[in-house]
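Subject: Structure for you to look over

Dear colleague,

I am passing on the structure we spoke about, and below it I have written out what I found when I went through it. Please read the notes with the model open beside you.

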Amino acid sequence: MNYKIEGAIRRNRTNFIIFAILWIFIAIVFVTPIAHSAFQANASGQFDLQVFIETFGACITHPLNTLGTVLTEGAFGTYFSTLIVVTIFYALFFFIGFVRSAPKNEFSDIEHGSSDWSQRGEQYQILSKNKGIILAENNYLPVDKRGNVNVLVVGRIRIW
């Protein structure tokens with residue numbers, strides 16, 4: 001299970017920054033006008049939908065001025081409660097995307113056919129370290145080996 005969390009974090013490193021910037025943008029541009037409009041609509045004690053719509057239309061065009069108005073008029077409690085609700089929904093969608101980006105198995109995004117198939121020199125029981133047909137860096141197929149030494153090389157030729 002740990003490989004799924006590590007794989008999802010590795011895949012989404014850049015997305016974390018994008019999600020944080022998007023959350024700040026949403027908190028300023030959308031939550032501020034909604035909170036200010038809700039505060040103005042509840043000023044009389046009952047929620048007035050017409051006041052909410054008129055205030056929201058005026059506030060959405062100037063979100064930074066609305067943020068200053070929220071601070072000066074005392075609508076900070078409404079702003080925080082609205083921000084918490086929006087953050088919960090945003091976190092829910094973020095979590096769903098994070099879970100869906102997790103690797104399906106332990107071997108996702110691992111190169112197949114690399115020389116990392118063995119550890120601590122156990123490949124040298126079969127292969128040679130010094131001479132023969134080059135398979136990978138420091139891995140040679142000995143030509144004086146008994147048995148089948150047929151090799152299929154797939155890939156491109158690189159010239160150093």
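His36 has its place in helix α2, and you should bear in mind throughout that the model is a predicted one. With a relative accessible area of 7%, His36 counts as buried, because that value falls under the 20% limit used for the term. If its neighbours within four places in sequence are left aside, the residues in contact with His36 are Thr55, Cys59, Thr66, Thr69, Val70 and Glu73.

Ala35 is also found in helix α2, and it is buried, with a relative accessible area of 0%. Apart from neighbours within four places in sequence, Ala35 is in contact with Thr78, Tyr79 and Thr82. Ala35 and Thr66 are 31 residues apart in sequence, and their C-alpha atoms are 9.4 Å apart in space.

Helix α2, which covers residues 13-41, packs with two other helices that I would like to describe in turn. With helix α3 (residues 49-60), the axes come within 8 Å and cross at roughly 145 degrees, and the crossing is right-handed. On the α2 side this contact is made by Val29, Phe30, Pro33, Ile34, His36, Ser37, Ala38, Gln40 and Ala41, while α3 brings Val51, Phe52, Thr55, Phe56, Cys59 and Ile60.

With helix α5 (residues 76-100), α2 packs at an angle of about 145 degrees, and the two axes are 9 Å apart. That crossing, too, is right-handed. The residues of α2 that make the contact include Phe16, Phe19, Leu22, Trp23, Ile34 and Ala35, and those of α5 include Thr78, Tyr79, Thr82, Tyr90, Phe94 and Phe98.

Which residues make the nonpolar patch on the surface? The patch is made by Ile18, Phe19, Leu22, Phe25, Phe30 and Ile34, and its area is about 510 Å². Ile34 lies in α2, and with a relative accessible area of 31% it is partly exposed; it can therefore be counted in a patch, since the residues of a patch must have over 30% relative accessible area. Ile34 is also listed in the contact of α2 with α3 and in the contact of α2 with α5.

Turning to the start of the chain, Ile9 is found in helix α1 (residues 2-11) and is partly exposed, with a relative accessible area of 38%. Leaving aside neighbours within four places in sequence, Ile9 is in contact with Phe16 and Phe98. Ile9 and Val99 are 90 residues apart in sequence, although the distance between them in space is 10.0 Å, taken from C-alpha to C-alpha.

As for the protein chain as a whole, its secondary structure comes to five helices and two strands, which follow one another along the sequence in the pattern α-α-α-α-α-β-β. Of the 160 residues in the chain, 24% are buried. Among contacts between residues at least 6 apart in sequence, 53% join residues that are at least 24 apart. The accessible surface of the chain comes to about 12,400 Å², and carbon and sulfur atoms account for 62% of it.

With best wishes

Key:
Residues are numbered from 1 along each chain as its sequence is written. This is a predicted model: local features need pLDDT of at least 70, side-chain atom pairs count only at pLDDT 80 or more; totals for chains, interfaces and linings use all residues. Side-chain values use heavy atoms; hydrogens and water are left out. Patches are made of residues with over 30% relative accessible area and no salt bridge: like charges are joined within 9 Å, nonpolar side chains (Val, Leu, Ile, Met, Phe, Trp, Tyr) within 5 Å. Accessible areas come from the Shrake-Rupley method with a 1.4 Å probe; for residues, only the protein chains shown count as cover. A salt bridge is a side-chain nitrogen of Lys or Arg within 4 Å of a carboxyl oxygen of Asp or Glu. Helices (H or I, at least four residues) and strands (E, at least two) are DSSP runs, numbered from the N terminus. Buried means under 20% relative accessible area, exposed over 50%, partly exposed in between (1.4 Å probe, protein chains only). Axes are lines fitted to C-alpha atoms, for helices over the stretch in contact, and angles run from 0 to 180 degrees between N-to-C directions. A crossing is left-handed if the near helix is turned anticlockwise from the far one by less than a right angle, and right-handed if clockwise. Contact means heavy atoms within 4.5 Å.
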